[in-house]
Amino acid sequence: MLYQWMVWLHVLSAILFFFVHGISMATAFLLPKEKDAKRMSMLLDMTGVTIAPMGISMLGLLVTSIYMGISANWWARGWWGTSFLLFMLMIVWMTWYGRKYYSPIRKALGLDYMTGFGTQNPAIEPAGMDEVQKLIAKTSPHSLATVGFLVTAMLLWLMRFKPF
């Protein structure tokens with residue numbers, strides 16, 4: 001019975017993860033179209049609201065994955081380890097991408113920003129809009145969406161078909 005609850009929590013955590021991630025993806029696609037600094041700042045600040053629920057959902061996915069992996073003896077199966085590794089790599093890549101491309105935009109807009117593995121930095125004097133636009137031009141929302149979709153598709157395939 002506990003196993004069924006873990007499956008339910010796993011699916012619920014995934015739904016929460018995608019629900020809160022929608023704001024980040026919308027921001028990634030809307031930011032290059034925006035020309036007003038205040039609206040850009042508002043878009044980037046909206047993603048901050050999702051940090052706590054995103055962390056909770058990832059913790060839920062992690063705990064339930066480990067529990068199910070051990071209790072169903074999937075721990076020793078290749079598909080389980082592959083899916084776990086893919087999920088961890090996606091988290092690392094997405095975090096790196098956000099720090100590399102979106103933190104400099106926040107900094108240039110005069111907002112607080114993050115560096116490294118979660119170092120919060122205070123807002124500084126904003127840069128000019130030309131600099132902000134150059135930084136935004138370096139982002140690739142389509143790459144973010146493609147990587148997220150493909151990794152999710154692979155994870156679902158691995159979980160559903162358990163090929164190895």
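The loop between helix 3 (51–71) and helix 4 (78–108) holds Asn 73. The model is a predicted one. In this model, phi of Asn 73 is near 60°, a positive value in a residue other than glycine. Asn 73 is exposed, at a relative accessible area of 54%, because the cut-off for exposure is over 50%. A positive phi also occurs at Lys 162, which is not a glycine; the value there is about 40°. Lys 162 belongs to the segment after helix 6 (141–161). Its relative accessible area is 29%, so Lys 162 counts as partly exposed.

Lys 162 also takes part in a charge–ring arrangement. It lies over the face of Trp 79, 4.9 Å from the ring centre. Arg 160 is placed over the face of Phe 161, with 5.3 Å to the ring centre.

Aromatic pairs were counted next. The total is 12. In one of these pairs, the ring centres of Trp 96 and Tyr 97 are 6.4 Å apart. Their planes meet at 70°, so the pair is edge-to-face; the cut-off for that class is over 60 degrees. The two partners were also examined for accessibility. Tyr 97 is buried, with a relative accessible area of 5%. Trp 96 is partly exposed, at 43% relative accessibility. Ring pairs link both residues into a cluster with Trp 93, Tyr 101 and Tyr 102.

Salt bridges number 3. Side chains of opposite charge can pair when their charged atoms come close. One bridge joins the side chains of Glu 34 and Arg 39, at 3.0 Å from N to O. Glu 34 is buried, with a relative accessible area of 14%. Arg 39 is partly exposed, at 48% relative accessibility.

Arg 106 has a salt bridge to Asp 45, with 3.1 Å between the closest N and O atoms. Arg 106 lies in helix 4 and Asp 45 in helix 2 (residues 37–48), so this pair ties together parts that are 61 residues apart in sequence. Arg 106 is buried, at 14% relative accessibility. Asp 45 is partly exposed, with a relative accessible area of 38%. Arg 106 also forms a salt bridge with Asp 112; here the closest N and O atoms are 2.9 Å apart. Asp 112 is partly exposed, at 32% relative accessibility. Through shared partners, the salt bridges join Asp 45, Arg 106 and Asp 112 into one network.

Helix 1 spans residues 2–30 and includes Ser 13. Ser 13 is buried, at 11% relative accessibility, because the limit for burial is under 20%. Beyond its neighbours within four places in sequence, Ser 13 contacts Ser 57, Gly 60 and Leu 61. Leu 9 is also found in helix 1. Leu 9 is partly exposed, at 32% relative accessibility. It contributes to a nonpolar surface patch of about 670 Å². The other residues making this patch are Met 1, Leu 2, Trp 5, Trp 8 and Leu 12.

Methods:
Residues are numbered from 1 along each chain as its sequence is written. This is a predicted model: local features need pLDDT of at least 70, side-chain atom pairs count only at pLDDT 80 or more; totals for chains, interfaces and linings use all residues. Side-chain values use heavy atoms; hydrogens and water are left out. Helices (H or I, at least four residues) and strands (E, at least two) are DSSP runs, numbered from the N terminus. Buried means under 20% relative accessible area, exposed over 50%, partly exposed in between (1.4 Å probe, protein chains only). Contact means heavy atoms within 4.5 Å. Rings of Phe, Tyr and Trp (its six-membered ring) pair if their centres lie within 6.5 Å; planes under 30 degrees apart count as stacked, over 60 as edge-to-face and the rest as tilted. A charge sits over a ring if NZ of Lys or CZ of Arg is within 6 Å of the ring centre and within 35 degrees of the ring normal. Patches are made of residues with over 30% relative accessible area and no salt bridge: like charges are joined within 9 Å, nonpolar side chains (Val, Leu, Ile, Met, Phe, Trp, Tyr) within 5 Å. Accessible areas come from the Shrake-Rupley method with a 1.4 Å probe; for residues, only the protein chains shown count as cover. A salt bridge is a side-chain nitrogen of Lys or Arg within 4 Å of a carboxyl oxygen of Asp or Glu.
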